[in-house]
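Here are a few quick notes for you to go through with the model open. They cover some loop residues, taken one by one.

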Amino acid sequence: MGDSYELACIPGDGIGPEVVAEARKAVDAAAARFGFGVAWVDLDLGADRWLRTGEALPDAALKELGEVDAILLGAVGRPDVPPGVLERGLLLRLRFELDLYVNLRPVKLYPGVASPLAGVGPDDLDLLVVRENTEGVYAGAGGTVHRGTPMEVATETSIETRAGVERCLRYAAGRAREREGRLTLVHKTNVLTHAGDLWQRAAREVAAAAGVALDYAHADAACLHLVSDPGRFDVVVTDNLFGDILTDLGAAVAGGLGTAASANLSPAGGVGRRGPSLFEPVHGSAPDIAGTGRANPVAAVLSAALLLQHLGQREAAAAVEAAAVAALPEAGQYSTRALGDRIAGNVAGGEPPAT
Ligand code: IPM
Ligand code: MN
């Protein structure tokens, strides 16, 4: 037996538990085939826990999560919990507390998946969005005064720090260097002149130091380009809110949320804490189809492939990604579990599991 990993699993709400179960099967099959060990630590967090105890993320759970090698999360949120409670109290809190300052979201059109964009095939759509994940309007700075009166005021302040922007840019430039050597900053420097100026200056410095070409697009124009000319992007780096919006559009042009995976990373070289990284599909909890067996587990499986990649299990990651991609053309024909079994079977490669 080679390396061994402790992996936390937060199945969460709605279809989260269903898709995560299939992602785990793929990871277990990869562990058996490639000779590493996996011990899962299950954490019961999400809507049920909150409704039962009022806790979104108890300190003990946070401590436990801080000690594992990586975290796999399904989805959080349910209509019977007020909006924001689990999003802020669990998911965003994990991103902040574990200092997961990069949200890496590949936008990739896989063979056998149709893009809604006419004439666009897998060769035309393969980019990485690096979304800053701990600052911007997500930081939670703001407040309300005179609530419910005609004088009420609400502020939501966007926080950008030099160190926070720079560490995200450094990661993005590193990824650009491994790929085509070009990086596109997406912001709104024509209106957000303060934050835009900080991002712009930092991006120029970081790109020059890394030896990558820097391009720039305003966030609105980037949406247009992503639809009309997606090939112009390779690695995109952007702030938290622009990244949130742009990656939903990215998922749509790449054929929908069924294949959109993400990694919340705390890469070396940052200035903050280094928590274990967290991997999750971009899709939400989809309560409308929970329990029907119709959820596509591929985005969760691809997120697990990103997890394996992050652990340095490259062969295992490639096998899991390839198996998920091979299953895509038939995704609509099988239930969540049946598709997950086919993927895990493919990862295992038909060889008997190692004992
Ligand atoms: C995402 C989601 C989250 C976000 C929500 C659920 C808080 O939309 O991961 O993109 O806004 O970051
Ligand atoms: Mn989002």
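**Notes on three loop residues**

1. Start with Asp99, which sits in the loop between α4 (85-97) and β4 (102-108). Keep in mind throughout that this is a predicted model.

2. Check the backbone at Asp99: its phi is near 55°, so we have a positive value in a residue that isn't glycine. For background, most residues other than glycine have a negative phi.

3. Is Asp99 buried or exposed? The relative accessible area of Asp99 comes out at 8%, and Asp99 counts as buried because that value is under the 20% cut-off.

4. Now move to the loop between β12 and α9, where you'll find Ala286. Ala286 also has a positive phi, near 40°, and again the residue is something other than glycine.

5. How does Ala286 fare for accessibility? With a relative accessible area of 23%, Ala286 is partly exposed, because partly exposed covers values between 20% and 50%.

6. Ile289 is in the loop between β12 (277-281) and α9 (298-311) as well. Ile289 has a relative accessible area of 16% and is therefore buried, the limit being under 20%.

7. Which residues does Ile289 touch, leaving out those up to four places away in sequence? The contacts are Ile15, Arg294 and Ala295. Have a look at the Ile15 pairing in particular: Ile289 and Ile15 are 274 residues apart along the chain, yet 7.2 Å separates their C-alpha atoms.

Note on methods
Residues are numbered from 1 along each chain as its sequence is written. Chains are lettered from A and ligands numbered from 1 in the order in which they are written. This is a predicted model: local features need pLDDT of at least 70, side-chain atom pairs count only at pLDDT 80 or more; totals for chains, interfaces and linings use all residues. Side-chain values use heavy atoms; hydrogens and water are left out. Helices (H or I, at least four residues) and strands (E, at least two) are DSSP runs, numbered from the N terminus. Buried means under 20% relative accessible area, exposed over 50%, partly exposed in between (1.4 Å probe, protein chains only). Contact means heavy atoms within 4.5 Å.
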